[in-house]
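Student: I would like to learn how to read helices, interfaces and salt bridges in a model of this kind. Please go through them in order.

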Amino acid sequence: MAQKKPNSPKPPTRAPERIRSNRDLREFQRLMMQAVTRPLGPGDRMKRTWEDGRATKEVVGTFSRDNDRMSGVERLEIYNRMYWFRTLDSLYEDLPGLRAVLGERVFMRLIETYLVKVPSRSYTLRDLPSRLEEFIRANRKLTAPHTSLAADMVAFEWSQIECFDGATRPIMTPNDLADTPPAKLKMDLQPQLRLLVLRYPVDDYAMALKENGMRAEASNAVESASATSRPTKRVRRPKPKRTYLAVHRHEGSLYFKSLELASYRMLTAIREGKTLPQAVAAAGPRVSATKVQEWFTNWMHLGWFCLRK
Amino acid sequence: MPANEFNGYHDYGLGLGLRVPHYNHILEQKPVCDWFEIISESFMVDGGRPLEVLDEILEQYRVVQHGVSLYFGSTDKPDRAHLKRLKALVKRTNTPWLSDHLCWGSVDGTYSHDLLPMPYTFASAKRTAEKIKMVRDFLEVPICVENVSSYAAFHQSEMTEWEFLSEVVERADCGILLDVNNIYVSSKNHDFDPYDYLNEVPHHRVGQMHIAGHTKFEKYLLDTHDHPVLDPVWKLYDHATKLCGVTATLLEWDDKIPSFDEVHHEALKANEFIDGAKKAQQSKTADARA
């Protein structure tokens, strides 16, 4: 995984003495951003030493002023602490399943490293976990020996975040089906629907955690930070089992539904733009027409289909 | 000012921030409230519950958009995709004006998710004003910029915060969302007189005001929005209302949020000062006639 920040030149070693141009302002902001987003030191204080070995106060002192109560470093430390508290809290709230997989200590080390290596590229905290699965797979030591389970859990939790506020298009009706021959019907899956193929049954694990009071509901809106209680008893990590899942939204609530390999293939084919007969064929020769009809009826009932744009 | 070009000539009263814990109460009880302020970013999504709630609110109430991520002071160019998303929301809400902060928060496409203070320089003011104009031209809605609370001050600054705010809004020809609590918090953190701030900003550009609670620490004040409004802030609000006229005002309460009724009750305390400002205005008008 490429972890180098795109378009992120090396920050300056000191702030410009005067800001007379946009370039000066950019240099100022690069240095201050580095100071604000550096990992905290012991006691959640700003680290005393800069990356190049100089004292932090020497670098920060090129722009942040003392007052009669606080040094320039202490004043900037307020922002440094707020950055970490805000971003860590957001990931902590949004990833209860990953916390359960890894335990608090490993989880915190992982997300701190993630935020340093893959800083936010989005205006919204909602998107913070968007590249975490990739990061976990590329940095296996951070989550060993539970890397695959951790990556699956993040994929599952991120899919819920995406599904929560994903788009819904007008639902395909039986009339749409009746009006067009199946081979010509351009159908699609609802954009909010997410299909996952996983090595672990993280859905069952998440349900078990929920029953133990780990989590009341998906916490994925910007404003939906909810209190998180501790599990009442330890839930065992699941054993590997190939799992096909649909994560979907119905009447404002999130659901996940186990799929068979054949039904997963059929839905994937529809998402890829295949016609209905092609999608049925993708399910494989061993699937009976009765089974396909049963699935299809259920999916229509759940409103999973729309017409392709 | 009560109704001016910077708030789309709308004379709104006392508003509240629309927050998740109050959704059910508002949708079920439909309490009387002049208007709601929404955080734009919470609704810049493709679908789901946030937009369903918003649409229900829009059927009953007036809504004004307030943002936290335009970062007018960042040197990065405005992100066109972001602006398109924001404009779609502007069309949906029909917001008469839109506000965001006089701050920066991203550089080279990396985000701090914070409202970071600007160095108060003429070059920064020029760049910030250009960006505000770009955003306003794209969104086609009046813009008010909000003064932020801050904890750091910079050697590079060439003027006071209120001079910087004035410089920016005059250059951009935009409005001010005057956050009275932020002025108070910053005045304590930077040792200036908050009344100097209020007296010196261009009052005719004030399109909206914010009031909120804050928290006192040993060496500084923190803008926490988790308390009722404190007395010194009400006094500043009183002064601001007399200077600027009765202006659309919003109570911010974003953490440890109590019941809707409690938040609303706190906001309605502003009426006491609004009545005082109206009387002052009436006697001023009478004196002028005499």
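**Reading the model**

Tutor: Of the 18 residues of α7(A), 17 are buried, so this helix is largely enclosed by the rest of the structure. Buried means under 20% relative accessible area, exposed over 50%, and partly exposed in between (1.4 Å probe, protein chains only). This is a predicted model, in which local features need pLDDT of at least 70 and side-chain atom pairs count only at pLDDT 80 or more, while totals for chains, interfaces and linings use all residues. Residues are numbered from 1 along each chain as its sequence is written, chains are lettered from A and ligands numbered from 1 in the order in which they are written, and side-chain values use heavy atoms, with hydrogens and water left out.

Student: What span should helix α7 of chain A have at 1.5 Å a residue?

Tutor: The expected span of a helix is 1.5 Å times one less than its number of residues. Helices (H or I, at least four residues) and strands (E, at least two) are DSSP runs, numbered from the N terminus. For α7 of chain A, residues 147-164, that gives 26 Å, and the end C-alpha atoms are 26 Å apart, which agrees. Helix α1 of chain A, residues 22-37, has 16 residues and reaches 22 Å between its first and last C-alpha, close to the 22 Å expected.

Student: Which elements do the buried residues of α1(A) pack against?

Tutor: Contact means heavy atoms within 4.5 Å. The buried residues of α1(A), among them A:L25, A:F28 and A:M32, pack against α2 (56-60) and α3 (72-94) of chain A, and also against β5 (104-107), β6 (110-116) and α4 (122-139) of chain B.

Student: How many residues does each chain bring to the contact?

Tutor: Chain B brings 57 residues and chain A brings 53. Buried area is the accessible area (1.4 Å probe) that two parts lose on being put together, summed over both. Between chain B and chain A it is about 4600 Å², with carbon and sulfur atoms giving 57%. On the chain B side, B:D108, B:H113 and B:Q156 lose the most area to chain A, together 15% of what that side buries.

Student: How many salt bridges cross the interface of chain B and chain A?

Tutor: Side chains of opposite charge can pair when their charged atoms come close. A salt bridge is a side-chain nitrogen of Lys or Arg within 4 Å of a carboxyl oxygen of Asp or Glu. The rule finds seven across this interface, and 31 over all chains of the whole structure. One of the pairs is A:R86 with B:D114, whose closest N and O atoms are 3.6 Å apart. A:R86 lies in helix α3 of chain A and B:D114 in strand β6 of chain B, so the pair joins two chains. A:R86 counts as partly exposed at 27% relative accessibility, whereas B:D114 counts as buried at 8%. Shared partners also join A:R26, A:E27, A:R30, B:D76 and B:D108 into one network of salt bridges.

Student: Where does the salt bridge between A:R38 and A:E51 lie in the chain?

Tutor: Both residues are in the loop between α1 and α2 of chain A, 13 residues apart. The closest N and O atoms of A:R38 and A:E51 are 3.1 Å apart. A:R38 is buried at 3% relative accessibility, while A:E51 is exposed, with a relative accessible area of 51%.
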